[in-house]
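Here is a short tour for a first-time reader. Keep the sequence and the 3D view side by side as you read.

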Amino acid sequence: MADSDYIVGIDLGTTNSEIAVYKNGEVRIIKKNDRDILPSFVGITPEGALLVGEEARNQMLLYPERTVRSIKRKMGEDLSVPLGDRQFKPQEISAFILRELAQWAANFMGSPARRAVITVPAYFSDAQRQATREAGALAGLDVLRIINEPTAASLAYGIQEVGQKTVLVYDLGGGTFDVSIIAMEGEVTEVLASHGNNHLGGDDFDALIAERLAQHFEQEHDINLRHDYPVAWSRIWRAAEEAKIKLSEAPFVTVREETLVVSNGIPRHLELELSRQEYEALILPLVESTLDSVTKALQDAGKTTNDINAVLLVGGATRTPLVARILEERVGMEPRQDIHPDLCVALGAGVLASRLAGHDIDRVLVDVTPYTFGVRCIGEVDGRTCDHRFAKIIHRNAPLPITRTELFYTTCPYQKSVAVDIFQGEDEDIYNNIPVGKFIIEDLKPVPEPNEILCRMALDINGILTVTAIEKCTQKSKHITIENAMRPMDEGELAEARKRITELYASDEVYIGDTESNDEEQEKEITAGDHGDAVALMKRSEMLMDKMHDEDKEEAIELLERIKDALEADDEQTLREALDELKELIFYIEGK
Ligand code: AMP
């Protein structure tokens, strides 16, 4: 099938829209200028030029009356929407968005997009579905299928591939919330029940933050922004959304808006620090209200949480950590969000589109981190307080790129420096994980109380990990960049590592005696306790290196270094644990 016969999958969303297509064996999201999301905004400039997406969204600040947002809410209604001095039907506004996305596809594929699968909410009526088809036709697209968004999400996760499944899809977008229970078997999908709130979403979280900011501004300057200052109010909304997004990855955010208004000739600024805790308290009632819909959907489907095989998070607002937490408590199962929640529906539409185009595709490829990254801290390991607890910051299977920030405290009064010890792995004990970097932030403000230190980790799709420590009260910061944090070692690095390990045998510190010793002497050492064990096992594992796959080699090298550290530190327990693990690995390799 020629590329020119391609079919696109489109998520025509209330707040944002996305488009996916099959190319080179995989379904992928099409980007424009590195952006994979098109804000569902349409505007007309005072000069009469049409704006779609980001530009229209930007113009909303200046010309709210010349800009339209959330048109999806009006689909299927027989009305006209004013845009500047003109009037449009909802499907015409949607057609502008679809046409822009089709243009992205044409640029990417090198030929015009002609056919599409478009998603709609499960609760959409026939009239709303028909209006969506018409929007497609107005944009020059032959709409082959209209599919339900939760079904698309399940397709993206490849759920239907494995037997009969019952899936709970929790979709919290910008302006709508719905939860659906889906039964999937092979190609057959059925929406068993769907519930939701057509007027609940991330925008309501913005509204609560905006209200909080406006209150603060009123307290500081005695000016009520809500009615007479449309531009300032738009800025507040935008700042609120930015703050919300930051709070998904950081425990605090400082909102600063310079010269929000000028009154009596004096510029009035807004500045407020908002903590995630305070924000979560604001939105908790809204998030909890979604659980009623979860209960109703389960009841209507005749299912209980025990029947659910997977919980999928869809929609940009599910990135709010509180959402996954509350839902997990309710359903008793960790929700999956390893496909970008805001791209998942478009990818699923892309899966169906590629099937219709005759491509055999069984899953979508997304970049996720295969490892957890975090830092060393003081905490409990095996019920005992120690200084080698692993504090996870970026969790395994998180879609990339990702940034996460956590708050830590200094432990001693007047502490002037903090060592940031970075590890990769899953164990609560850092000694069972792999060290990937380390740095020290110095000259901290000497304060008697615990000093707040933020640790921010950013991992991009190329595996570059940037770790930044920030002293919150002074904003003093220091960072390191670790290249290739996710890549297994290459041959050169393995050779280097082997050299390091060989050197271990010669090192006095390791307390292993003569590396030239003959086998008899070694045998003696072996029976002489853990140190002797270490020598024999280290030698044996080195001899096996060439037989090992890269992952095993890495594990062996990591274990050897841990054994060395334990010998140096005279840490019998760690030594024994590491030796046991090395024995197991050798047993496994030799048994291959
Ligand atoms: P959607 O309608 O699925 O595109 O979702 C859009 C909503 O997700 C908007 O309210 C966004 O502000 C919100 N959103 C996007 N990214 C994040 C994030 N990282 N944390 C919280 N909300 C987000």
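Which residue of β22 is the bridge partner of Asp 421? The partner is Lys 438. Keep in mind throughout that this is a predicted model.

**The sheet with β21 and β22**

Strand β21 covers residues 418-424. Seven bridges join β21 to β22, and the two strands run antiparallel. Both belong to an open sheet of four strands, in the order β19-β18-β21-β22. The pairing in this sheet is antiparallel. At its edges stand β19 (384-394) and β22 (434-441), and each of these pairs on one side only. On average, neighbouring strands here are turned by 40° against each other, direction ignored.

A loop lies between β21 and β22, and Asn 433 is part of that loop. Is Asn 433 buried or exposed? Its relative accessible area is 3%, which is under the 20% cut-off, so Asn 433 counts as buried. The side chain of Asn 433 also has a polar contact: one of its polar atoms lies 2.8 Å from the backbone oxygen of Asp 427.

**The sheet with β13 and β14**

Another open sheet has four strands in the order β14-β13-β12-β17, with mixed pairing. Its edges are β14 (188-197) and β17 (310-314). Each has a single partner strand, so one side of each is left without a neighbour in the sheet. Neighbouring strands of this sheet are turned by 20° against each other on average, again ignoring direction.

Strand β13 spans residues 177-185. Nine bridges connect β13 to β14, and the two run antiparallel. One pair to look for is Phe 177 with Asn 197, its bridge partner in β14.

**Helices**

Two helices can be checked against an expected length. The table sets the expected span beside the distance between the end C-alpha atoms.

| Helix | Residues | Number of residues | Expected span | End C-alpha distance |
|---|---|---|---|---|
| α7 | 230-247 | 18 residues | 26 Å | 25 Å |
| α8 | 276-301 | 26 residues | 38 Å | 35 Å |

The expected spans rest on 1.5 Å a residue, and for α7 the two values agree. They agree for α8 as well.

Where does α8 bend by about 50°? The bend is at Ile 283, and a proline, Pro 285, follows within four residues. Ile 283 is also one of the buried residues of α8, as are Arg 276, Tyr 279 and Glu 280. Just after α8 comes Gly 302, which takes a positive phi of about 70°.

In α7, the buried residues include Ala 232, Ile 236, Glu 241, Lys 244 and Leu 247.

Helix α9 covers residues 321-331 and contains Val 323. The relative accessibility of Val 323 is 1%, so this residue counts as buried. Val 323 and Leu 172 are 151 residues apart in sequence. In space, their C-alpha atoms are 9.1 Å apart.

**Around the ligand**

How many residues are around the ligand? There are 15. Gly 174, Glu 241, Lys 244, Ser 248 and Gly 316 come nearest. Two of these names have appeared already: Glu 241 and Lys 244 are among the buried residues of α7.

Oxygen atoms of the ligand take part in polar contacts. A backbone N or O atom of Gly 316 lies 2.9 Å from one ligand oxygen atom. In the side chain of Asn 16, an N or O atom is 3.1 Å from an oxygen atom of the ligand. For Asp 203, a polar side-chain atom lies 3.4 Å from a ligand oxygen atom.

Note on methods
Residues numbered from 1 in each chain as written. Predicted model: local features only at pLDDT ≥ 70, side-chain atom pairs only at ≥ 80, totals over all residues. Heavy atoms only, no water. Expected span 1.5 Å × (residues − 1). Bend = angle between axes of the 7 residues up to and from the residue. Buried < 20%, exposed > 50% of the residue type's maximum accessible area, 1.4 Å probe, protein only. Pairing = 2+ DSSP bridges. Axes fitted to C-alpha atoms, helices over the stretch in contact; angles between N-to-C directions. Near = heavy atom within 4 Å. Polar contact = N/O pair within 3.5 Å; in protein donor to acceptor, adjacent residues only side chain to side chain.
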